[in-house]
Amino acid sequence: MMEDNRERIIAVENSFRSGGKPLLVPGRVLIGEGRLLKLCRRKPQPKAFFLFNDILVYGSIVVPGRWNSHQKILRLEELEQENLEDGVGMRNQWLLRTPRKSFHISAASLKEKQAWMEHIECCRVERLKLLGLPTAMKPFAAIWVPDTASTVCMRCTEPFNVTQRRHHCRHCGFVVCNSCSKSRAVLTHISSKPVRVCCLCTESLCERNISNGSFRKKDSIKEMPEYEESSDEDQDENDTHTARFNAYRESKALYCYFNPQHLKPPQL
């Protein structure tokens, strides 16, 4: 059984080619994998998700079941889930919150959504017990408002155009223009470096002294790299995301093969 688990983890690691971090570490078990829609800046995009007993990994799909890119790793002890009602463009959705990143995801069916949420929560609780950590979480990253949700700056109401680009405040997640987000503040749960914050959040951060005096302003600010690069999230994908479930017991973990379009796991 453990050899099968090792082979699966190596397969996931290799699917990210040279662009991903090593995933094969002692004690790590691959619990399940599948395809989910992730709400990105411009529109929902299908992503490959891999649930381990200690982390949740996802990335952009290049060749379904074989090649992924832009690997992202979320530690389960820092993760929290929130159930959501169906939205206009996202059915069977729920929310994932972490200190550095928070976003909506959705499954192809209610059954698949429930399976994902149950397995993630089970692994998260076991991880917290193993590390001896309390259930109280750190501050979570704000959920970014999608670019398409507003045609004007959500602070000054100036319309966006070719020269008036959209930006996101890292503190509130609002879509703002450059003029309304020239300030930078240290949000320790997101980054040790100053990140973009809007004018309203600048005032509240100063009042509450959240940034511990590390806030700074400049008359001319160079364009900072976006925390969530649009190039990572806006690749056009037309693949559908369906699911089926095959399960077996391995140690104390339940492996769920979420996506029939991926390569089948080795016969047990």
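The following exercises, each with a worked solution, concern the predicted model shown above.

Residues are numbered from 1 along each chain as its sequence is written, and side-chain values use heavy atoms, with hydrogens and water left out. Because the model is predicted, local features need pLDDT of at least 70 and side-chain atom pairs count only at pLDDT 80 or more, while totals for chains, interfaces and linings use all residues.

**Exercise 1. Strand S7**

Determine how strand S7 is placed in the structure and which strands pair with it.

Solution.

Step 1. Locate the strand. S7 covers residues 102-106; helices (H or I, at least four residues) and strands (E, at least two) are DSSP runs, numbered from the N terminus.

Step 2. Examine the burial. Five of the five residues of S7 are buried, so the strand is largely enclosed by the rest of the structure. Here buried means under 20% relative accessible area, exposed means over 50%, and partly exposed lies in between (1.4 Å probe, protein chains only).

Step 3. Compare the two sides. Ser102, His104 and Ser106 point one way, Phe103 and Ile105 point the other way, and all are buried.

Step 4. Identify the partners. Two strands pair if DSSP finds at least two bridges between them. Strand S6 (residues 93-97) pairs with S7 in the antiparallel sense over five bridges, and a hairpin joins S6 to S7 through four residues. Strand S1 (residues 30-39) also pairs with S7 in the antiparallel sense, over two bridges.

Step 5. Find the residues opposite Ile105. Trwo entries apply: Lys38 stands opposite Ile105, and Trp94 stands opposite Ile105 as well.

**Exercise 2. Aromatic rings**

Describe the pair formed by Phe49 and Trp116, and state which residues belong to the ring cluster.

Solution.

Step 1. Apply the criterion. Rings of Phe, Tyr and Trp (its six-membered ring) pair if their centres lie within 6.5 Å; planes under 30 degrees apart count as stacked, over 60 as edge-to-face and the rest as tilted. The structure holds four aromatic pairs.

Step 2. Classify the pair. Phe49 and Trp116 are 6.3 Å apart, centre to centre, with 75° between the planes, and the pair is edge-to-face.

Step 3. Place the pair in the chain. Phe49 lies in strand S2 (residues 44-52) and Trp116 in helix H2 (residues 110-131), so that distant parts of the chain, 67 residues apart, are linked.

Step 4. Check the burial. Phe49 counts as buried because its relative accessibility is 1%, and Trp116 counts as buried because its value is 0%.

Step 5. Extend the view. Ring pairs link Phe49, Tyr58, Phe103 and Trp116 into a cluster.

Step 6. Add the charge. The charged end of Lys38 sits over the ring of Phe103, 4.7 Å from its centre. Such a contact requires NZ of Lys or CZ of Arg within 6 Å of the ring centre and within 35 degrees of the ring normal. Arg28 likewise lies over the face of Phe52, at 5.9 Å from the ring centre.

**Exercise 3. Salt bridges**

Trace the network that contains Arg75, Glu77, Glu78 and Arg127.

Solution.

Step 1. Apply the criterion. A salt bridge is a side-chain nitrogen of Lys or Arg within 4 Å of a carboxyl oxygen of Asp or Glu. A search of the whole structure finds eight salt bridges.

Step 2. Begin with Glu78. Glu78 forms a salt bridge with Arg75, the closest N and O atoms being 2.7 Å apart. Glu78 counts as buried because its relative accessibility is 17%, whereas Arg75, at 44%, counts as partly exposed.

Step 3. Continue with Arg127. Arg127 forms a salt bridge with Glu77, the closest N and O atoms being 3.4 Å apart. This pair links distant parts of the chain: Arg127 belongs to helix H2, and Glu77, 50 residues apart from it, to the loop between S4 and strand S5 (80-83). Glu77 is buried, with a relative accessible area of 13%.

Step 4. Consider another bridge. The side chains of Arg97 and Glu82 meet at 3.1 Å, N to O. Arg97 is in strand S6 and Glu82 in strand S5, 15 residues apart.

Step 5. Assemble the network. Salt bridges that share partners join Arg75, Glu77, Glu78 and Arg127 into one network.
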